[in-house]
Amino acid sequence: MNASHEIDAEGGALAVAALRDAGVDTVFTLSGGHIFSLLHAAAEAGLRVVDVRHEQTAVFAAEAYAKLTRRPGVALLTAGPGITNGISALAGAWFNGSPLVVLGGRAAQRHWGSGSLQELDHVPLVAPVTKAARTVTATGRIADEVRDALALATGPHRGPVFLDFPIDVLHRRAAATPTPPPAPPPSLAQADPDEVDRAAALLAGAERPALVAGGDVWWGGAWPALRRCVEELRIPAFMNGQGRGCLPADHELAFARTRRALTEADVVAVVGTPLDFRLSFGRFKGARVIHIVDDPARRAAHVATAAAPAGDLTAILDAMAAWRGERRGHEEWIDRLRERERALRRAEEAQLTSDSAPIHPARVIGEVRAQLDRDAVVVGDGGDFVSYAGKFLDSHRPGHWLDPGPYGCLGSGVGYAAAARLCHPGRQVALLLGDGAFGFSASDVDTLVRHRLPVAMIVGNNGIWGLEKHPMRDLYGSDIAADLQPGCRYDQLVQALGGAGEVVERPADIAPALRRAFAASVPYLVNVLTDPKVSYKRSSKLG
């Protein structure tokens with residue numbers, strides 16, 4: 001869309017022109033009559049249109065596209081159930097702070113209140129999980145509203161934005177004078193220098209410091225500064241969620257198995273992630289807590305912090321790296337943690353190489369680990385089985401680990417994997433699924449097939465809802481609604497949808513099956529039957 005002249009176009013074309021101006025090249029959707037104008041305009045404008053089998057997958061895929069590119073992801077959803085089907089994925093993006101724009105159809109404005117097909121006011125439903133949600137009722141305003149939505153989604157603090165358009169508004173033509181594309185999102189505020197100095201001094205003077213880096217380090221492009229900071233101050237560092245890979249797993253100051261050290265530390269700095277259940281709500285026994293965030297509104301309100309710098313994470317971490325005050329030596333603490341890390345990794349080899357039958361789920365992850373390239377993209381979707389992956393698989397590059405995040409919504413995997421293959425056509429994409437999780441999005445294997453997106457899918461098939469069955473039995477002595485079909489042939493379902501796959505029942509057969517999966521030119525599912533008696537031992541609590 002050229003800002004120098006007035007244009008006359010249908011509403012869908014005005015929306016798509018704004019998307020193109022912002023550099024959007026791909027949209028995810030499921031067809032519906034209320035968004036025909038958007039779909040035709042997207043195709044005519046040369047956007048890649050990826051259509052799925054369930055709207056939840058469309059939103060998950062759009063969010064993953066944002067996660068992988070650090071640019072806004074876009075989903076186009078039809079009215080009524082199209083939008084309500086996408087709300088769980090929208091909520092996940094809200095919890096993850098993902099820059100997502102969902103454009104929805106809506107029943108006609110001229111008949112509103114008369115009982116049109118799928119007449120529903122979506123805005124109140126999605127408002128709690130979006131930065132903004134509104135209905136656009138003037139065709140001439142569509143381009144500017146879409147442009148504003150994209151800017152809002154990517155501005156501090158990132159998050160999803162929702163717009164819907166009545167069908168008559170979308171199909172109407174309007175003469176519009178496009179406004180210039182907005183300036184880049186305002187730079188993140190610069191943190192209070194005194195607060196930054198306080199944080200650096202606390203870490204430098206600590207006897208047993210530790211740092212946890214989360215997803216905002218990736219989103220903000222701050223991983224080089226993170227490395228400079230931990231190297232200069234000599235701080236053991238742990239990666240959390242989307243922060244995985246921001247410090248390579250084989251870096252001398254990167255730790256993973258020794259997270260219990262957070263309860264031994266005297267100062268813990270948490271950078272770019274909430275102090276939520278994944279981090280014991282920020283309660284690390286006697287440690288003083290530093291919370292470093294990219295926006296003052298992200299500071300934890302439920303924990304007393306010793307310092308809380310807020311602003312551009314690169315600037316904060318670089319200022320801390322450059323701090324030249326008095327410091328205490330940390331090498332003895334680092335050496336102690338490193339020896340413990342090595343011991344724990346040696347101890348876990350027994351599980352990772354177990355020849356037990358039925359197959360131990362850790363053995364599956366051990367075989368996956370042996371097959372992965374350093375730049376492989378790993379997607380996790382599940383409970384117990386994916387917990388083993390989160391523990392045992394190392395990440396060496398930022399932006400190469402995708403999981404649902406703190407909202408924990410199952411069913412994200414196939415959509416995430418589709419986006420990963422689109423963004424990284426030449427790399428391995430490994431989708432690790434629990435058998436329960438696979439049921440949420442299994443039909444979207446058809447999406448992978450139709451769009452020629454080969455993905456290696458590995459299902460840990462124990463025939464139960466493991467994350468529920470074992471804890472329920474511990475609490476009550478029995479379990480309810482926690483069983484699935486033992487030995488279900490999910491591989492045959494994938495074959496029926498046009499992919500390929502096989503079932504694996506012996507440990508020695510896992511590696512050859514994985515090699516076939518990664519070499520396949522179609523989606524390939526390795527259906528590994530694992531021991532239902534084995535449960536992942538977890539430390540995080542629901543509340």
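1. A convenient place to begin is W465, which in this predicted model is partly exposed, with a relative accessible area of 24%. Its ring partner F440 is likewise described as partly exposed, at a relative accessible area of 46%. The ring centres of F440 and W465 are 6.4 Å apart and their planes stand at 80 degrees, so the pair counts as edge-to-face, the cut-off for that class being over 60 degrees. F440 belongs to helix α17 (residues 435–441), whereas W465 lies in the loop between β17 and α19 (466–476), and the pair thus links distant parts of the chain, 25 residues apart.

2. Other aromatic residues deserve a look as well, since the count of aromatic pairs comes to nine. Among the residues joined by ring pairs are Y388, F392 and Y536, which form a cluster. Two arginines also meet tryptophan rings: the charged end of R70 sits over the ring of W218, 5.1 Å from its centre, and R106 lies over the face of W112, at 4.1 Å from the ring centre.

3. Turning to the interior, the largest nonpolar core has 58 residues, and L211, L226, I290 and M320 are those with the most contacts inside it. Helix α9 (residues 193–205) gives the most to this core, contributing six residues. Leaving aside residues up to four places away in sequence, L226 touches L211, A213, V217, M239, C246, L247 and L317. A second core, separate from that one, has 51 residues and includes F28, V102, V123 and M457.

4. Helix α14 (residues 361–371) is largely enclosed by the rest of the structure, because nine of its 11 residues are buried. The buried residues of α14 include the charged R363 and E367 alongside V364, I365 and V368. Against these buried residues pack α13 (331–352), α15 (384–392), β16 (429–434), β17 (456–461), α21 (510–519) and β19 (524–529).

5. The last point concerns an open sheet of six strands, whose order is β3-β2-β4-β5-β7-β6 and whose pairing is parallel. Its edge strands, each pairing on one side only, are β3 (48–51) and β6 (132–135), and the twist from one strand to the next averages 20 degrees. Strand β6 is joined by four bridges to β7 (residues 161–166), with the two running parallel, and A133 stands opposite F162 in β7. Across β4 (73–77), β5 (100–106), β6 and β7 lies helix α7 (residues 142–154), which runs at about 165 degrees to β7.

Note on methods. Residues are numbered from 1 along each chain as its sequence is written. This is a predicted model: local features need pLDDT of at least 70, side-chain atom pairs count only at pLDDT 80 or more; totals for chains, interfaces and linings use all residues. Side-chain values use heavy atoms; hydrogens and water are left out. A nonpolar core is a set of buried Ala, Val, Leu, Ile, Met, Phe, Trp, Tyr and Cys residues joined through side-chain atoms within 4.5 Å. Buried means under 20% relative accessible area, exposed over 50%, partly exposed in between (1.4 Å probe, protein chains only). Contact means heavy atoms within 4.5 Å. Rings of Phe, Tyr and Trp (its six-membered ring) pair if their centres lie within 6.5 Å; planes under 30 degrees apart count as stacked, over 60 as edge-to-face and the rest as tilted. A charge sits over a ring if NZ of Lys or CZ of Arg is within 6 Å of the ring centre and within 35 degrees of the ring normal. Two strands pair if DSSP finds at least two bridges between them. Axes are lines fitted to C-alpha atoms, for helices over the stretch in contact, and angles run from 0 to 180 degrees between N-to-C directions.
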